[in-house]
Amino acid sequence: GVRIGNGGEVSYQHTLGNNFLEVDGGIALNRDAELNVGATGIYNFMIAEFGNGFGFYAGPGASVGMGVGEISYFTLSAAGMIGIEYNFDIPLNLSLDFRQNVGIGFGGSLWAPSSIGLSVRYRF
């Protein structure tokens, strides 16, 4: 599927019991119009399921990335996500989430972007 937040990402979920692994990779422009490329992996715990297709989840993960601009840099960060999803009767998943990253931009700076994302995925 796809996740639209601070840019566009290709999104993949794999169910592990009641929980799931989400892996996203994509590109974005930051506030200085520099290109950022990165990948994030998060293990989400299904906190509550409401029985009619809705579920509430949260989980930890990690992210790696690279910024390309006037100064290029590499980033490594811890990530966390919280969200709600809906699984339709057809093989379609829709989710809305908040993701926070906190880490180091190798070049010496603290890196802490956050994003609200809307995802649409085909379910296998």
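A salt bridge here is a side-chain nitrogen of Lys or Arg within 4 Å of a carboxyl oxygen of Asp or Glu. The model on screen is predicted.

**Stop 1: glutamate 22 and arginine 121**

Select glutamate 22 and arginine 121. The two form a salt bridge, and their closest N and O atoms are 3.0 Å apart. Glutamate 22 belongs to strand S3 and arginine 121 to strand S9, so this pair ties together parts that are 99 residues apart in sequence. Are the two partners buried or exposed? Glutamate 22 has a relative accessibility of 0% and counts as buried. Arginine 121, at 4%, counts as buried too. A search of the whole structure finds five salt bridges, and the next stops visit others.

**Stop 2: arginine 99**

Move to arginine 99, which sits in strand S7. Its relative accessible area is 6%, so arginine 99 is buried. Display the side chain of aspartate 24 as well: arginine 99 and aspartate 24 meet in a salt bridge with an N to O distance of 2.5 Å. Aspartate 24 lies in strand S3 and arginine 99 in strand S7, so the pair ties together parts that are 75 residues apart in sequence. Aspartate 24 is buried, as is arginine 99.

Now add glutamate 9. A polar contact of 3.2 Å joins the side chain of glutamate 9 to that of arginine 99. For a wider view, select the residues that arginine 99 touches, leaving aside those up to four places away in sequence; among them are Arg3, Glu22, Thr40, Ile42, Met81 and Pro113. Glutamate 22 from the opening stop is therefore also a contact of arginine 99, in addition to being buried at 0% relative accessibility.

**Stop 3: the charged network**

Keep glutamate 9 selected and add arginine 3. Their side chains meet in a salt bridge of 2.9 Å, N to O. Glutamate 9 counts as buried, with 14% relative accessibility, and arginine 3 counts as buried with 1%. Which residues belong to the network that contains the salt bridge of arginine 99 and aspartate 24? Returning to that pair, arginine 99 and aspartate 24 meet at 2.5 Å. Salt bridges with shared partners join Arg3, Glu9, Asp24, Asp97 and Arg99 into one network.

**Stop 4: strands S2, S3 and S4**

Switch to a cartoon view and select residues 7–16, which are strand S2, and residues 19–29, which are strand S3. The two run antiparallel and are joined by nine bridges. To check the register, pick glycine 8, which stands opposite isoleucine 27 in S3. S2 and S3 form a hairpin with two residues between them. In that turn, glycine 17 has a positive phi of about 70°.

On to strand S4, residues 35–49, which pairs with S3 in the antiparallel sense over 10 bridges. Here leucine 21 has tyrosine 43 in S4 as its bridge partner.

**Stop 5: a nonpolar patch**

Finish on the surface. Select Val2, Ile4, Phe50, Phe54, Ile82, Ile84, Leu94, Leu96, Phe98, Ile116, Leu118 and Val120; they form a nonpolar patch with about 1,000 Å² of accessible area together. Which strands each supply at least two residues of this patch? They are S1 (2–5), S6 (73–87), S7 (92–106) and S9 (114–122).

Zoom in on leucine 94, which has its place in strand S7. Leucine 94 has a relative accessible area of 34% and is partly exposed. Strand S7 also holds arginine 99, which is buried at 6%.

Terms used
Residues numbered from 1 in each chain as written. Predicted model: local features only at pLDDT ≥ 70, side-chain atom pairs only at ≥ 80, totals over all residues. Heavy atoms only, no water. Patch = residues over 30% accessible without salt bridge, like charges linked within 9 Å, V, L, I, M, F, W, Y side chains within 5 Å. Areas by Shrake-Rupley, 256 points an atom, 1.4 Å probe, with all protein chains shown as cover. Helix = DSSP H or I, 4+ residues; strand = E, 2+ residues; numbered from the N terminus. Buried < 20%, exposed > 50% of the residue type's maximum accessible area, 1.4 Å probe, protein only. Polar contact = N/O pair within 3.5 Å; in protein donor to acceptor, adjacent residues only side chain to side chain. Contact = heavy atoms within 4.5 Å. Pairing = 2+ DSSP bridges.
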